[in-house]
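User: I would like a close look at one part of this model, the packing of one helix against its neighbour. Please set out the geometry and the residues that take part.

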Amino acid sequence: MTEPPATPDPVPGRTGPAAPPADPGPAGVSVRARGLGHRFSGTADLFTGLDFDLLPGEVVGVCGPSGCGKSTLLSILAGWLPPHTGTLETTGIERTGWVFQNPFGVPGRTALDHVVLPLLAKGLDRAGAETLAGTAMADFRLEAVRDRPFRELSGGEAQRLMLARAVCSAPDLLLVDEPTAQLDLRTAGTVNRTLGAIARAGTIVVIATHDPHTREACTRVLDLAVAAGASSGGEDDGEDGGAAGAAAAGGRTPAPGAPPDGGAAP
Ligand SMILES: Nc1ncnc2c1ncn2[C@@H]1O[C@H](COP(=O)(O)OP(=O)(O)OP(=O)(O)O)[C@@H](O)[C@H]1O
Ligand SMILES: [Mg+2]
């Protein structure tokens, strides 16, 4: 069996009594969602009644079939999109990092330039910023493209570059959309382990993903397939539906076909 979750109230779509407030932890950082639901104008509900708390140290997977609202939920968590129903309270979140499904950068600027930028903005000198940026790039296996212009990077390299840049801005909340969709297994494993290490260093990491390995690497899963409306709103790609019940029971859920606790968590 999977271990019970280390944090309270992981159950999406839960309809029981109101949960106690999230413990913001020693750093005083938390996200608390109650009754969260969303639909766009003229569409059916994507999800409804999501109750969850997010705390530093967690890597939370947002899973579910294509079109069920994973990216939409990230937008709500980022504060870019007000939820149609429910509330979202954040405590101590001063900086949110967002790594998109389709990254974009400045075509003529080098990869290194992109990662150095948030460090320069924090006041580091160029040499110090390049040292830290180089370390972050190595964490995402980007040493080989350090001096290449952005326009020459592959899609997977460009997205890892955005991850390295986001990490250098030291966010309290890091939202990552499909970070491993374009990657080979080995590189995906590196990305998953690095995101786990970033979370353990005190960041709340939320990952929207279809990838069963990434799902398994998360400390907890919010499966939108179990939220009311998702079954009619999404196009089932067969990857997530079977695990919906397990997600509803709370805690980390095994990837379909994986052993109950495959030990892939970072
Ligand atoms: N601004 C918008 N207005 C209307 N509908 C939208 C808008 N943005 C997204 N949608 C619709 O909402 C649904 C959920 O979109 P979303 O991008 O959140 O899905 P997703 O789960 O991230 O999918 P994928 O796995 O393919 O990335 C889709 O059907 C999409 O077409
Ligand atoms: Mg998406």
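Which hand, left-handed or right-handed, does the crossing of α2 and α3 have?

Analyst: This is a predicted model, in which local features need pLDDT of at least 70 and side-chain atom pairs count only at pLDDT 80 or more, while totals for chains, interfaces and linings use all residues. Residues are numbered from 1 along each chain as its sequence is written, and chains are lettered from A and ligands numbered from 1 in the order in which they are written.

The crossing of α2 and α3 is right-handed, meaning that the near helix is turned clockwise from the far one by less than a right angle. The two helices, α2 spanning residues 111-121 and α3 residues 126-139, pack at an angle of about 125 degrees with 9 Å between their axes, the axes being lines fitted to C-alpha atoms over the stretch in contact and the angle running from 0 to 180 degrees between N-to-C directions. α2 and α3 are therefore oblique to each other, a word kept for angles that are neither under 35, nor over 145, nor from 65 to 115 degrees.

On the α2 side, the contact (C-beta atoms, placed from the backbone, within 7 Å) is made by Leu112, Val115, Val116, Leu119 and Leu120, and on the α3 side by Ala129, Glu130, Leu132, Ala133, Ala136 and Met137. Sorted by class, these residues comprise ten nonpolar, no polar and one charged, where Ala, Val, Leu, Ile, Met, Phe, Trp, Tyr, Cys and Pro count as nonpolar, Asp, Glu, Lys and Arg as charged, and the others as polar.

Burial (20 or more other C-beta atoms within 10 Å of a residue's own) adds to this picture, for the buried residues of α2 are Ala111, Leu112, His114, Val115, Val116, Pro118 and Leu119. Leu112, Val115, Val116 and Leu119 thus appear both in the contact and among the buried residues, whereas Leu120 takes part in the contact but is absent from the buried set. An α-helix has 3.6 residues a turn, so residues three or four places apart point the same way. The buried residues of α2 pack not just against α3 but also against α4, residues 155-168. After α2 comes Gly123, which has a positive phi, near 110 degrees.

For the wider setting, the chain has eight helices and eight strands, taken as DSSP runs of H or I of at least four residues and of E of at least two, numbered from the N terminus. Of its 266 residues, 47% are buried.

How values were computed
Buried ≥ 20, exposed ≤ 12 C-beta atoms within 10 Å, placed from the backbone. Contact = placed C-beta atoms within 7 Å.
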